[in-house]
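Please look through the sequence and the model below before reading on. The text takes up one charged pair, then the other salt bridges, then the nonpolar cores.

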Amino acid sequence: MSGHSKWSTIKRQKAATDAKRGAIFTKVGNQIAIAARGGTDPVTNPALAMAIEKAKAANMPLANIQRAIDRVSDKSAAVLEEIVYEAYGSGGIGLIIEAATDNKNRTFPEVRTALTKHGGTIAEPGSVAFQFARKGVIRAEIAANQDADELLMIALDAGAEDAETAGGELIIYTDMKDLHRVREEIAAKGLRVVDAGLEYVANTPVEISDPTTAQKVMNLLEAIDDLDDVVAVHTNADIVV
């Protein structure tokens, strides 16, 4: 169960070094505001707790985090709408693009333009989504003194559906409803969680081994990810170069 871990790793590294901190805060703030609809207390709302963790990892000020949460009760705040776009890219890859916007008439043209500029196209609803499954995905750091096989067993014993190692990380897949519980259990066992959330995971990855195609795919993914209204980009591309 793999195929997008390289992009996910690059995306996190990019977010950590991106000079446009305001853009990152906008994305994370939108995720917090949406998660807070399920309850404004992170103790009883696991989705909000994880969104807040991502915000803190991005060094988002606590005041900004609170403002994002307060949008739920602010009647004057623009209403955010969650939208999922499906698309194709170079090499026949599929993309699932998650957006949070207060103006879909702005967001759709931006997404379409980014796709067109980098060899991608918007797809009909349902034509790409069937190639993915919605899963909880947890990434934990593998320390030099930790045995990868032992960590895999810890993840499975905690209730994970599957787990694998890639790029010095343990990638754990869970049922959506089990994400928070599994994350808490493996953290209690001493694993350092670096990222956790719901993702669209490819059922069958599309291997991209040609360097030119791989670069086109990366350029496309980064262009879409750079859009303020886009909160996540998922692909079935398995970049092996």
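Is E161 buried, partly exposed or exposed? The model is a predicted one, and in it E161 has a relative accessible area of 39%. E161 is therefore partly exposed, because that class lies between the limits of under 20% for buried and over 50% for exposed.

The side chain of E161 forms a salt bridge with that of K135, with an N to O distance of 2.7 Å. This pair links distant parts of the chain, 26 residues apart. E161 sits in the loop between α6 (148-157) and β5 (162-166), while K135 belongs to strand β4, residues 132-141. K135 has a relative accessible area of 16% and so counts as buried. The bridge thus brings together a partly exposed acid and a buried lysine.

Side chains of opposite charge can pair when their charged atoms come close. The count of salt bridges in the model comes to 13. Another of them joins the side chains of D102 and R106, at 3.1 Å from N to O. D102 is partly exposed at 43% relative accessibility, and R106 is also partly exposed, at 31%.

D175 and K177 make a further salt bridge, their closest N and O atoms lying 3.4 Å apart. Here D175 is partly exposed, with a relative accessible area of 26%, whereas K177 is exposed, with 67%. Elsewhere, E53, R183 and E184 are joined into one network by salt bridges that share partners.

Next come the nonpolar residues. The largest nonpolar core contains 23 residues. Within this core, the residues with the most contacts are L95, I97, V111, I224, V230 and I239. At least two core residues come from each of the strands β1 (81-89), β2 (93-101), β9 (230-235) and β10 (237-239), and likewise from each of the helices α5 (104-117) and α8 (211-225). Helix α8 supplies the largest share, 7 residues.

I97 can serve as a point from which to view this core. Which residues is I97 in contact with, leaving aside its neighbours within four places in sequence? The contacts of I97 are I83, V84, Y85, A87, V111, I224, V230 and A232. Among these partners, V111, I224 and V230 are themselves listed with the residues that have the most contacts inside the core.

A second core, separate from the one around I97, has 17 residues. A155, L170, I172 and L191 are included in this second core.

Key: Residues are numbered from 1 along each chain as its sequence is written. This is a predicted model: local features need pLDDT of at least 70, side-chain atom pairs count only at pLDDT 80 or more; totals for chains, interfaces and linings use all residues. Side-chain values use heavy atoms; hydrogens and water are left out. A nonpolar core is a set of buried Ala, Val, Leu, Ile, Met, Phe, Trp, Tyr and Cys residues joined through side-chain atoms within 4.5 Å. Buried means under 20% relative accessible area, exposed over 50%, partly exposed in between (1.4 Å probe, protein chains only). Helices (H or I, at least four residues) and strands (E, at least two) are DSSP runs, numbered from the N terminus. Contact means heavy atoms within 4.5 Å. A salt bridge is a side-chain nitrogen of Lys or Arg within 4 Å of a carboxyl oxygen of Asp or Glu.
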